[in-house]
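Work through the exercises below with the model open beside you. Try each task before reading its solution.

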Amino acid sequence: MSYTIEGRTGPWELVIGLEIHAQVISQAKLFSGAATAFGAEPNSQVSFIDAGFPGMLPVINQECVAQAVRTGLGLNAQVNLWSRFDRKNYFYADLPQGYQISQFAHPIIGEGAVEITLGDGTTKTIGITRLHLEQDAGKSLHDQHATKSFIDLNRSGVALMEIVSEPDMRSPEEAGAYLTKIRQILRYLGTCDGNMDEGSMRADVNVSVRKAGEGFRTRCEVKNVNSIRFVMQAVEAEARRQIEVWESGEEVFQETRLFDTARGVTRSMRSKEDAHDYRYFPEPDLPPLVLDSDWVAALKAALPELPDARRARYTAMGLTAYDAHVLTLEKETAVFFETVAKGRDAKLAANWVTGDFFAALNRLKRDVSDPPVTAENLGALLDLISDKTLSGSLAKQVFEAMLETGKAPGEIVEERGLKQVTDTGAIEAVVAQVMAANADKVAEYRSGKEKLFGFFVGQTMKAMQGKGNPALVNEVVKTALAG
Amino acid sequence: MGKPRQIKDFLKKMSLDTATIRRIASLARIRLDESEVQQAQAEINGILGWIEQLQEVETEGVEPMAGGSPVAQARARLRPDVVTDGGQADAILANAPDRQGEYFGVPKVVE
């Protein structure tokens with residue numbers, strides 16, 4: 001069932017493409033030696049190059065190029081050994097050079113593809129058109145002064161990767177899944193931190209609508225959307241607006257719009273139409289970027305394991321598709337899980353991580369990178385389950401105590417005497433007491449009221465403060481009642 | 001003679017009228033008065049004519065060059081990823097027409 005929006009004239013399909021701007025993780029900027037760290041004092045990480053001073057020459061940062069190549073490889077894309085920078089000319093207060101050095105005609109990365117997984121478990125391939133390197137602009141602050149904007153150039157010149165998709169997405173969900181997938185790949189690769197609320201990843205969303213079987217209609221671009229949820233909302237809001245325009249007999253014209261997150265609608269940007277006349281030309285300050293194929297091969301050989309490969313490995317270990325998906329969403333979660341599972345039953349480890357551990361993270365509002373229980377301690381708890389020291393319910397008690405105290409499970413078992421009783425003789429003694437105290441119920445059971453069995457197990461467990469081995473308790477109760 | 005011929009025809013058509021000159025000036029944020037428009041038109045069309053002349057050189061099958069001889073084409077030098085610059089806000093802001101604390105002040109720009 002494909003996604004459509006119902007208009008007055010019937011159903012409409014959506015066509016969506018994304019341009020993702022991802023800030024490259026590097027120490028220094030793309031063309032200057034100034035630092036890239038987030039949150040520094042204003043204008044303290046600015047070279048004369050970044051500030052557009054006359055007579056300065058850009059020199060490319062090798063690590064930024066390597067990061068773009070790694071990303072291209074992670075997107076199953078073509079790496080172009082010959083690429084070139086172009087000048088994109090426009091005036092804006094946060095762009096001191098009066099142009100952005102970008103790649104227009106010859107990007108460093110060509111066509112690729114990623115696979116997204118949707119809520120119903122189906123997968124879909126989304127084409128990547130290209131990835132190119134470019135400079136980020138400075139930052140404007142509008143809330144510092146009544147009539148002025150303040151400009152901080154710390155971000156000016158930081159390397160950005162612009163990742164352009166094919167118009168392959170057909171629903172808000174697909175757009176969200178694609179953005180999530182790209183962010184996941186970038187984080188696994190360590191090429192972008194993907195922090196959308198710090199602005200290190202932002203998306204421009206291209207949306208058009210059409211009737212089934214048509215070619216493409218005119219699209220509009222919703223700029224600078226800064227969360228996955230907002231991307232999904234912006235897609236739907238913009239599609240509904242365009243449907244309204246077409247159905248009222250008017251025409252959608254190509255323009256740049258903004259998503260008003262408070263009102264949930266898109267609105268036209270006031271910029272004049274010639275803002276789009278960028279007059280690109282080859283960047284005269286930079287010779288072409290030429291890569292050695294050996295260098296690219298070395299980068300490829302050193303790539304970390306990517307989410308798809310990791311997920312496949314987890315299902316091969318016997319995990320459900322769902323667990324494998326959830327555990328690989330974030331690299332930190334996968335690393336945590338693997339520490340827990342190392343040398344242990346992978347399925348048991350997956351159950352505990354996705355079950356009690358995730359629930360604890362939610363409840364305590366903690367993150368897997370700052371876990372309330374270490375992976376080593378959770379692993380040790382699994383060992384105590386496997387060697388029958390703890391029953392399932394005792395293990396849950398110990399886990400809660402671990403959350404409270406941060407102590408190792410062995411220590412908690414020792415301190416609180418939570419060790420499971422597997423001594424049949426001890427269990428038999430308790431069962432005998434329970435039966436003696438409930439002679440009437442024993443008689444009822446023996447005359448056929450067999451559902452009382454659970455009562456005896458419960459009473460025995462209660463008397464043992466939950467420490468009896470459940471399987472053994474069952475067995476002993478059954479034998480004793482059979483008399 | 002496929003490609004060069006096409007470019008040549010294109011350039012012939014590209015003799016720029018005054019409206020285009022005004023638009024280019026406006027995009028470049030350069031103010032031209034009427035006599036300057038005439039002058040710029042003559043100069044730019046002169047340059048286009050010169051490029052048209054260059055188009056007569058047969059370059060079919062020759063790779064575009066970035067400079068230097070065909071065997072020693074320039075390629076971008078790459079520098080290591082090391083922080084070597086910054087920490088000079090005063091110098092960066094020294095020529096600001098409207099310094100506001102540690103920021104550049106500009107007329108309010110809000111979309």
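**Exercise 1. Domains of chain A**

Task: State which domains the assignment gives for chain A, and describe the contact between domain 2 and domain 3.

Solution.
- Step 1. The domain assignment divides chain A into domain 1 (5–298), domain 2 (305–416) and domain 3 (424–482). Keep in mind that this is a predicted model.
- Step 2. Take the C-alpha centres of domain 2 and domain 3 of chain A. They are 33 Å apart.
- Step 3. Count the contact residues. Domain 2 of chain A gives four residues, and domain 3 of chain A gives four residues.
- Step 4. Sort the domain 2 side of chain A by residue class: one nonpolar, two polar and one charged.

**Exercise 2. Overall form of chain A**

Task: Decide whether chain A is more spread out or less spread out than a compact globule.

Solution.
- Step 1. List the secondary structure. Chain A holds 15 helices and 17 strands.
- Step 2. Compare radii. The globule rule gives 23 Å for 483 residues, and the radius of gyration of chain A is 30 Å, well over that value. Chain A is therefore more spread out than a compact globule.
- Step 3. Look at the principal axes. The C-alpha trace of chain A spans about 95 × 55 × 50 Å along them.
- Step 4. Check burial. Of the 483 residues of chain A, 39% count as buried.
- Step 5. Check contact range. Take contacts in chain A between residues at least 6 apart in sequence; 68% of these join residues at least 24 apart.

**Exercise 3. A three-strand sheet**

Task: Find which strands of the β6-β5-β16 sheet in chain A stand at its edges.

Solution.
- Step 1. Read the order. The open sheet runs β6-β5-β16 (chain A), with antiparallel pairing.
- Step 2. Count partners. β6 (99–102) and β16 (281–282) of chain A each have a single partner strand, so they stand at the edges and one side of each has no neighbour in the sheet.
- Step 3. Inspect one pairing. Strand β5 (residues 86–89) of chain A joins β6(A) through four bridges in the antiparallel sense. Within it, Asp86(A) is opposite Ser102(A).

**Exercise 4. A hairpin and its faces**

Task: Work out which side chains of β7(A) are buried, then trace the hairpin.

Solution.
- Step 1. Recall the rule. In a regular strand, side chains alternate between the two faces of the sheet.
- Step 2. Apply it to strand β7 (residues 112–117) of chain A. Gly112(A), Val114(A) and Ile116(A) point to one face and are buried. Ala113(A), Glu115(A) and Thr117(A) point to the other and are not buried.
- Step 3. Find the partner. Six bridges tie β7(A) to the antiparallel strand β8 (residues 123–135) of chain A. Ala113(A) is opposite Gly127(A) in β8(A).
- Step 4. Close the hairpin. Five residues lie between β7(A) and β8(A). In the turn, Gly121(A) has a positive phi of about 90 degrees.

**Exercise 5. Checking a helix**

Task: Test the length of helix α3 (residues 228–247) of chain A against its expected span.

Solution.
- Step 1. Compute the expectation. At 1.5 Å a residue, the 20 residues of α3(A) should span 28 Å.
- Step 2. Compare. The end C-alpha atoms of α3(A) are 29 Å apart, which agrees.
- Step 3. Note burial. The buried residues of α3(A) include Phe230(A), Met232(A), Glu238(A) and Gln242(A).
- Step 4. Look past the end. Just after α3(A), Gly249(A) has a positive phi of about 85 degrees.

**Exercise 6. Where chain A meets chain B**

Task: Identify which element gives the largest share of the chain A side, and follow its pairing with chain B.

Solution.
- Step 1. Describe chain B. Its pattern along the sequence is α-α-α-β-α-β-β. Of its 111 residues, 7% count as buried.
- Step 2. Count the contact. Chain A supplies 44 residues and chain B supplies 32 residues.
- Step 3. Rank the elements. β10(A) gives the largest share of the chain A side, five residues.
- Step 4. Sort the chain A side: 21 nonpolar, 15 polar and eight charged.
- Step 5. Follow the strands. β10(A) pairs with strand β3 (residues 103–107) of chain B, antiparallel, over four bridges. Ser149(A) has Val106(B) as its bridge partner.
- Step 6. Add a loop residue. Pro42(A) lies between β2 (10–23) and β3 of chain A. It has 22 C-beta neighbours inside 10 Å, so Pro42(A) counts as buried. Beyond its neighbours within four places in sequence, Pro42(A) contacts Asp152(A), Asn154(A), Glu102(B) and Tyr103(B).

Notes. Residues numbered from 1 in each chain as written. Chains lettered and ligands numbered in written order. Predicted model: local features only at pLDDT ≥ 70, side-chain atom pairs only at ≥ 80, totals over all residues. Domains from an automatic or database assignment. Contact = placed C-beta atoms within 7 Å. Nonpolar A, V, L, I, M, F, W, Y, C, P; charged D, E, K, R; others polar. Helix = DSSP H or I, 4+ residues; strand = E, 2+ residues; numbered from the N terminus. Pairing = 2+ DSSP bridges. Expected span 1.5 Å × (residues − 1). Buried ≥ 20, exposed ≤ 12 C-beta atoms within 10 Å, placed from the backbone. Rg over C-alpha atoms; globule rule 2.2 N^0.38 Å.
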